[in-house]
Amino acid sequence: MTTSGPGTSEGADEAEVLAELTAMIRQVLEGYEVEEGEVTMRTRFGADLELESIDLVTLAGLLEERYGGAVNFAEFVADLDLEEIIELDVGRLVDHIRRCLKAADGVGTR
């Protein structure tokens with residue numbers, strides 16, 4: 001049996017996850033203008049959005065708030081090397097979130 005709730009997102013597609021992540025990024029960057037359509041799958045957190053490490057910590061908190069333990073941003077970043085972290089783009093995080101949600105939805109369905 002699969003459940004849906006704050007920790008899971010049955011059938012979450014790329015567009016849904018991107019929209020949710022974009023909303024979180026806007027929340028992190030409150031006070032800064034983020035133009036409609038400015039955040040795409042290719043948008044880099046550092047070079048394009050100029051997020052600093054404290055911003056990423058805030059984003060990690062928002063991800064946990066939204067998805068619960070299904071998406072662990074700290075664990076995801078820990079598996080990246082420094083260059084990958086510097087060049088991290090929204091698309092890579094969207095893909096990670098989708099994989100985590102799919103895995104969470106699959107738990108207990110056998």
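Among contacts in the chain between residues at least 6 apart in sequence, 72% join residues at least 24 apart. Keep that figure in mind while turning the model, which is predicted.

**The whole chain**

Show the chain as a cartoon. Five helices and zero strands make up its secondary structure, and along the sequence this reads α-α-α-α-α. Now switch to a surface. The chain exposes about 6,900 Å², and carbon and sulfur atoms supply 50% of that area. Of the 110 residues in the chain, 34% are buried.

**Stop 1: Arg66 and Glu20**

Select Arg66 and Glu20 and show their side chains. The two meet in a salt bridge, with 3.0 Å from N to O. This pair links distant parts of the chain: Arg66 lies in helix 2 (residues 53-67) and Glu20 in helix 1, 46 residues apart. How accessible are the two partners? Arg66 is partly exposed, with a relative accessible area of 25%. Glu20 is also partly exposed, with a value of 24%.

A search of the whole structure finds four salt bridges. Side chains of opposite charge can pair when their charged atoms come close. The next two stops show further pairs.

**Stop 2: Arg44, Asp48 and Glu87**

Select Arg44 and Asp48. Their side chains form a salt bridge, at 3.3 Å from N to O. Asp48 has a relative accessible area of 36% and is partly exposed; Arg44, at 28%, is partly exposed as well. Add Glu87 to the selection. Which residues are linked with Glu87 in a network of salt bridges? They are Arg44 and Asp48.

**Stop 3: Arg92 and Glu84**

Move to Arg92 and Glu84. These residues form a salt bridge in which the closest N and O atoms are 3.3 Å apart. Arg92 is partly exposed, with 33% relative accessible area. Glu84 counts as partly exposed too, at 28%.

**Stop 4: a patch of charge**

Return to the surface view and select Asp13, Glu14, Glu16 and Asp95. Together they gather in a patch of negative charge on the surface. Where along the chain is Asp13 found? Asp13 sits in the segment before helix 1, which covers 14-28. Its relative accessible area is 35%, so Asp13 is partly exposed. That value also passes the cut-off for a patch, because patch residues need over 30% relative accessible area and no salt bridge.

To finish, keep the patch residues selected, among them Asp13 and Asp95, and add Arg66 and Glu20 from the salt bridge between helix 2 and helix 1.

Terms used:
Residues numbered from 1 in each chain as written. Predicted model: local features only at pLDDT ≥ 70, side-chain atom pairs only at ≥ 80, totals over all residues. Heavy atoms only, no water. Patch = residues over 30% accessible without salt bridge, like charges linked within 9 Å, V, L, I, M, F, W, Y side chains within 5 Å. Areas by Shrake-Rupley, 256 points an atom, 1.4 Å probe, with all protein chains shown as cover. Lys, Arg positive; Asp, Glu negative; His and termini not counted. Charge placed at Lys NZ, Arg CZ, Asp CG, Glu CD. Helix = DSSP H or I, 4+ residues; strand = E, 2+ residues; numbered from the N terminus. Buried < 20%, exposed > 50% of the residue type's maximum accessible area, 1.4 Å probe, protein only. Contact = heavy atoms within 4.5 Å.
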